[in-house]
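Biologist: I'm new to this structure and a bit lost. Could you pick a single helix, look closely at which way it faces, and then take me outward from there?

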Amino acid sequence: MRFGKTLRESIYPPWKDYYIDYSKLKAMLREDKRDDEDVPWTEEDENRFCNEVFNVQLEKVAQFQEKTVSSLKERAEVAFEKLKEMAPSDDKPKSDITTARLKELKAELDAITNEVKELKKYSSINYTGFLKIAKKHDRKRGDRYKVRPMMRVSLSERGFNSEQAYSPLLNKLSLMYYAINQNLDEGEQQHPVDLDLESPQEVHNGERYTAHKFWIHPDNLLEVKTAILRHLPSLVYTQQASQEPDGNEDPKITSLYFDNSKFELYTRKVDRQVDASSLRLRWYGQLNTKPDIFLEQKIVHENGLSEEKKFPIKDKYVKAFIDGEYKMEKTIAKMERQGQTAEAIESFKTTVNELQDFIVKRKLEPVLRANYTRAAFQKPSDDRVRISIDTDIAFIREDTLDRDRPCRDPQEWHRRDIDDGNMTYPFKNINQSEVSRFPFALLEIKLKEEGGRKRPTWIEDLMASHLVHAAPRFSKFVHGVASLFEDYVNQLPLWLSDLETDIRKDPQRAHDEEEQRKAQQAEDAMVVGSFLGGGAATKMGSYKPATSSPVGKSYLSERAARDARDSIPPTSVKGNGEQEGDEDKSTQQRSYGTLSSVFPGFSLSRYSRAKRQRAQLPEGVTKPEVWLKNAGPLQVEPKVWLANERTFLRWQHICILLGTLAISLYTAAGENFLAECMGIAYIVIAIMAGGWGYAMLHKRRDMIIERSGKDFDNMVGPLAVSAALMLALILNFVFSYRDAFAKLDVGSQLVNKTEAAFIGELV
């Protein structure tokens, strides 16, 4: 369907004069005039078009939207004041509240709610219209100027297509609906509505979860992960089976989404129609490793709950199943051979038939691939809090819409160029017009619904911090289609305008805004609680302001604040206590860039050592008598014992060699005193080597048993033995040298006496 027809069908009659004049803008571009193709597009034409689209049409739509939002807020406040006036008090009992007044107030709320829905449709269709007309301009008249980037920025600055502005209004309306319904239907048991309307609910294995989705800027990703790891361990799954934890890198996940040529599933999901569905094939890792493939359908019901149906399928049967030629007969026969219950087999058959009928009747086929890396956080055997962070998100076209140049072989169910080539992020080897990379990481927090159980405080702090940007309705399927198939769809999701903004926030400002929101919400809940009576005011309106958020600060923000304080001169000292406190602050300021600023617990000052010694354990916590590393039975691998014994045998080998040398030298010495002394010295060194090896054998054995964290190496023994050997050899050489020269002197003297006697006889 062409967008012009979609726009005409979407117009809300009372506001028909305030929509984008799409036909006029197309006429200015000469979109449908073949005769004007040879007429050049001049600078004057460009200025006239830009003035019309930016200064006339965009301003008209933006001003009307701002005016309507303000009007709806005022009407909601008036209705809220009426509700406060009807609240029972000492002078006015609850019985005085008439049903007629309540019904009248409810009718007013219905009118406001319906108008809010129409306004969201109004924003969405105009947002799509501006982007499409900008794209038409760039394609047809954009040789010199491209207006689409400027249009995206303008739409983002004007708050177009953003759901954030509606959230406080919807929360207040939900509170008033709850209070009125409680009084109109007192006989029925009702539960408070979920004030967090932005968080859809899901059902997994009969358990109900509330899902919260956020975007994370790459600069904040590490800080978010560390904040989560303080409370939940990292859970990494293997590529083959998502049920077995593994210590390797985070797995790569591929989801193959289905739709038809008219993108009916996408349209129903964007419009949030009843029972809107999405269908996908999902697997871990590379497809050529034969991973487990799951066919999954996610259905969003009228009450907001989402239901998931899935079953495993082998890759060789996927194409036949999509074409309706295979109904999982082999899997069913295998289940029967395994002796599974008739109920399980029948449930499997029902799921298979429903999904196959869903595919065949709607002529669905793979159109989009989403590839991402997932890091999961969850306590083992505890699924009350489940957190996942998806990074390196890429969307790739998988369609065959263009029969002349299909992205995927029509005879295949997936792109073989990607799977056979083991391509990974950022997918540089494919046509870049067929891939879209998501600039942020995606955080998803799933909390199990338990009666009366509050969310963990650290979860609340994380969701309200500056580190994340709320994206409650974000869908990978919807975003991928909107990014890659814009020419085929006539409605775009709400969050696209946020991609053009910097989602990073000032920590203190984000914290203050969240505290203000909570206080306003608690005040509204207090009014509703007083209207209901019976202690509901205390229960619904309990709120305790926080001085600061543990996650609301970061190292960079604290550093910036510290640098700002450094530029402020110190104040005068008024008292001893204040002086000491100022000295502490100045010490902290001066310590920037030192080791103690990086490791706050590390300091060599006497004050810091005394402070660490005076540190007391929290109430109820006792100092452990046994270290955690020493708890449990001792389990030592045999190679540790064998390594210790092998070192001992090396020492005994040295001892035997030296002992053999020493005894041989001593035995062969005879009357040579020097040889006897050196033999005794070598015997002493051999005994020292053997004794050292024996002592170290027992010492290291005790260290192993005690699970000591000390080093097992010891350089004293080898150095002592080496030094003793070198000293013995040097002394041996010196004494032998002196003895040899002494013998030469005695020999020369004998020769001289003989010569003198011989000469005397001759004379």
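Modeller: Happy to. One cut-off first: a residue counts as buried when its relative accessible area is under 20%, and as exposed when that value is over 50%. Also keep in mind that this is a predicted model.

Let's start with helix α9, which runs over residues 315-322. Its buried residues are Tyr317, Val318, Phe321 and Ile322. Around the helix axis they span an arc of only 130°, so they sit on the same side of α9. That spacing fits a simple rule: an α-helix has 3.6 residues a turn, so residues three or four places apart point the same way. Just past the end of α9, Gly324 takes a positive phi of about 80°.

Helix α1, residues 3-10, makes a handy companion to that picture. Its buried residues are Phe3, Gly4, Thr6 and Leu7. Looking down the axis of α1, you'd find them within an arc of 160°, so they line one face of the helix. Arg8 and Glu9, which are exposed, sit on the face turned away from that buried side. And what lies over the buried residues of α1? The cover includes α2 (22-28) and α4 (99-141).

Now zoom out to the whole chain. It has 23 helices and twelve strands, and 40% of its 763 residues count as buried. Of the contacts between residues at least 6 apart in sequence, 72% join residues at least 24 apart.

As a general point, nonpolar side chains in soluble globular proteins tend to be buried together. Here the largest nonpolar core holds 102 residues, and within it Tyr266 and Leu281 touch the most other members. If you skip neighbours within four places in sequence, the contacts of Tyr266 are Asp259, Phe477, Val478, Val481, Ala482, Val489, Gln491, Leu492 and Pro493. Apart from that core lies another one, of 21 residues, with Leu221, Val385, Ile389 and Met463 among them.

Ile389 turns up again in the strands. Thr373 belongs to strand β8, residues 365-379, and counts as buried at 9% relative accessibility. Beyond residues up to four places away, Thr373 touches Asp250, Pro251, Lys252, Ile389, Asp390, Thr391 and Asp392. Follow that list to Asp390 and you land in strand β9, residues 382-397. Asp390 is buried too, with a relative accessible area of 2%. Setting aside neighbours within four places, Asp390 is in contact with Tyr372, Thr373, Arg374, Ala441, Leu442 and Lys476. Take Leu442 from that list: Asp390 and Leu442 are 52 residues apart along the chain, yet their C-alpha atoms are separated by 5.0 Å.

Last stop, the outside. The chain exposes about 45100 Å², and carbon and sulfur atoms supply 53% of that area. There's also a nonpolar surface patch of about 1000 Å², made by Met726, Leu727, Ile730, Leu731, Phe733, Val734, Phe735, Tyr737, Phe741 and Leu744. One of these, Val734, is found in helix α23, which covers residues 716-762. With a relative accessible area of 36%, Val734 counts as partly exposed. Compare that with where we began: in α9, Tyr317, Val318, Phe321 and Ile322 are buried.

Note on methods:
Residues numbered from 1 in each chain as written. Predicted model: local features only at pLDDT ≥ 70, side-chain atom pairs only at ≥ 80, totals over all residues. Heavy atoms only, no water. Buried < 20%, exposed > 50% of the residue type's maximum accessible area, 1.4 Å probe, protein only. Helix = DSSP H or I, 4+ residues; strand = E, 2+ residues; numbered from the N terminus. Arc of directions from axis to C-beta. Patch = residues over 30% accessible without salt bridge, like charges linked within 9 Å, V, L, I, M, F, W, Y side chains within 5 Å. Areas by Shrake-Rupley, 256 points an atom, 1.4 Å probe, with all protein chains shown as cover. Salt bridge = Lys/Arg side-chain N within 4 Å of Asp/Glu carboxyl O. Core = buried A, V, L, I, M, F, W, Y, C linked by side-chain atoms within 4.5 Å. Contact = heavy atoms within 4.5 Å.
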